[in-house]
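Trainee: Please take me through this one, starting wherever you like.

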Amino acid sequence: MKVWRRIVCVLPLYLFSLLPLAAQTSSTFYQPGVTTEGAVYFLPMTSIKVTIQIEKTTYTPGDFCKYADRYLRIKDISPNPSTSYRITTIRQEPIAVADTTKRYAVKFDAKTAATNVSLSDEGILLAINADPRAQKVSPQFVAAPRATSINPRQFMSEEILAAGSTAKMAELTAQDIYEIRESRNLLVRGQADNMPKDGEQLRLMLNQLDLQDRTLTSLFVGTTVKDTTEHTLMITPVKPVIQHILFRFSQKLGLVDQDNLAGVPYYINIENLMTVPEPEPVDPKKKNKQIAGIYVNIPGKLRSTISDANQTLLTTEMPAGQFGNVELLSGALFNKRYTTHLWLNPISGAVEKLEAEQPQ
């Protein structure tokens, strides 16, 4: 979650030839050791947050797996443990990061009125004379709790535990499984000798029989445990990207390093959609000149596509300050004649809303 802070800035005095003498906001490129008595802010650039959810499946064979066909007529039970992985979800979303090439300073001047400047924790400008807009927060991933493991031996009778061989234990356990299933069928049909007195008691009895059935049957068919983990990758493009390996994935190893050829490559392509004109070159002589106003982004747009070797998996378009221009809001908007409220988009740095109120 983004956290913003409010800085009280005092705005300097400037003279515009077409405007009366008034206090105006002044911005300049930040110079360490030179820009003093001011508030430093950044404009944002877009970083792409890629979230991958991977399901891990672990199979453990049961003690009686080789007798599953003989006693329970269940075929193709593997006697070998195994682990496999699969991708269940891939999503991508824009995240704002401070663009260090767009770092500016607002000068302070004690002769002018105070203005509230709201910044994010990264120093990105969010609002002036206004509370920042509430930002959308992605739901936090919470792993599902694991089911409690139950030892099948606690449901074994004394006769089963005393059997002299694994084959005999499997035979007696299978007989118990059939008896449990028969008892459950009689309860469901209402034909049991000792029927429960109410529905709740019946439900409890059926649940207990189901638990015993599943636990003892697992000795033949084995157990399968599934765990889901979430992985996050960040990529911050400053130019178009073509067939960049985003990650590698193996069905047997899961997510692996990019140089591990055991994994299949997944690619990301990032296009600059050229929705705004190319910025004009900056005159080096004017770059550090103090200018009245506040810099804001005119963001462009990018298209991010994730694919594997066979198909496109996901395509998303999002605003991108790094593929746009920077414009200057006139400092006259923030002089003492007006109370101006400015809200910037926290992702793109574009103006979302601008309100100017004349004092009564």
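**Strands, rings and confidence**

Trainee: Where is Gln-243 found?
Mentor: Gln-243 is in strand 10, residues 241–250. Strands here are DSSP runs of E with at least two residues, helices are runs of H or I with at least four, and both are numbered from the N terminus. This is a predicted model, in which local features need pLDDT of at least 70 and side-chain atom pairs 80 or more, while totals for chains, interfaces and linings use all residues. Residues are numbered from 1 along each chain as its sequence is written, and side-chain values use heavy atoms, leaving out hydrogens and water.

Trainee: What is phi of Gln-243 near?
Mentor: Near 50°, a positive value in a residue other than glycine. Most residues other than glycine have a negative phi.

Trainee: And is Gln-243 exposed or only partly exposed?
Mentor: Gln-243 has a relative accessible area of 43%, so it is partly exposed. The classes are buried under 20%, exposed over 50% and partly exposed in between, with a 1.4 Å probe and protein chains only.

Trainee: Which side chain has a polar atom 2.8 Å from the backbone nitrogen of Gln-243?
Mentor: That of Asn-269, a residue of strand 12, which spans residues 264–272. Asn-269 counts as buried because its relative accessibility is 16%.

Trainee: What else does Asn-269 touch?
Mentor: Leaving out residues up to four places away in sequence, Asn-269 touches Val-241, Ile-242, Gln-243, Arg-303, Ser-304 and Thr-305. A contact means heavy atoms within 4.5 Å.

Trainee: Back to positive phi: what about Asp-76?
Mentor: Asp-76 is not a glycine either, and its phi is about 60°. Asp-76 sits in the loop between helix 1 (68–72) and strand 6, and it counts as exposed because its relative accessibility is 81%.

Trainee: New topic: how many aromatic pairs does the structure hold?
Mentor: It holds 5. One of them is Tyr-104 with Tyr-295, whose ring centres are 4.2 Å apart and whose planes are at 15°, so the pair is stacked. Rings of Phe, Tyr and Trp (its six-membered ring) pair with centres within 6.5 Å; planes under 30 degrees apart are stacked, over 60 edge-to-face, the rest tilted.

Trainee: Which strands hold Tyr-104 and Tyr-295?
Mentor: Tyr-104 is in strand 6 (residues 82–107) and Tyr-295 in strand 13 (residues 291–307), so many as 191 residues apart. Both are buried, and with Tyr-41 they form one aromatic cluster.

Trainee: What lies over the face of Trp-343?
Mentor: Arg-133 does, at 4.7 Å from the ring centre, and Lys-353 also lies over the face, at 5.5 Å. The test is NZ of Lys or CZ of Arg within 6 Å of the ring centre and within 35 degrees of the ring normal.

Trainee: How do strand 15 and strand 16 run?
Mentor: Antiparallel, with 6 bridges joining strand 15 (residues 339–344) to strand 16 (residues 351–357). Leu-344 has Val-351 as its bridge partner. Their hairpin has 6 residues between the strands, among them Gly-349 with a positive phi near 80°.

Trainee: What is the mean pLDDT of the protein?
Mentor: The mean is 84, and 81% of the residues reach 70 or more. pLDDT is the predictor's confidence in each residue, from 0 to 100. Among the elements, strand 12 has the highest mean, 97, and strand 2 (residues 13–14) the lowest, 28. Residues 1–23 stay under 50.

Conventions
Polar contact = N/O pair within 3.5 Å; in protein donor to acceptor, adjacent residues only side chain to side chain. Pairing = 2+ DSSP bridges.
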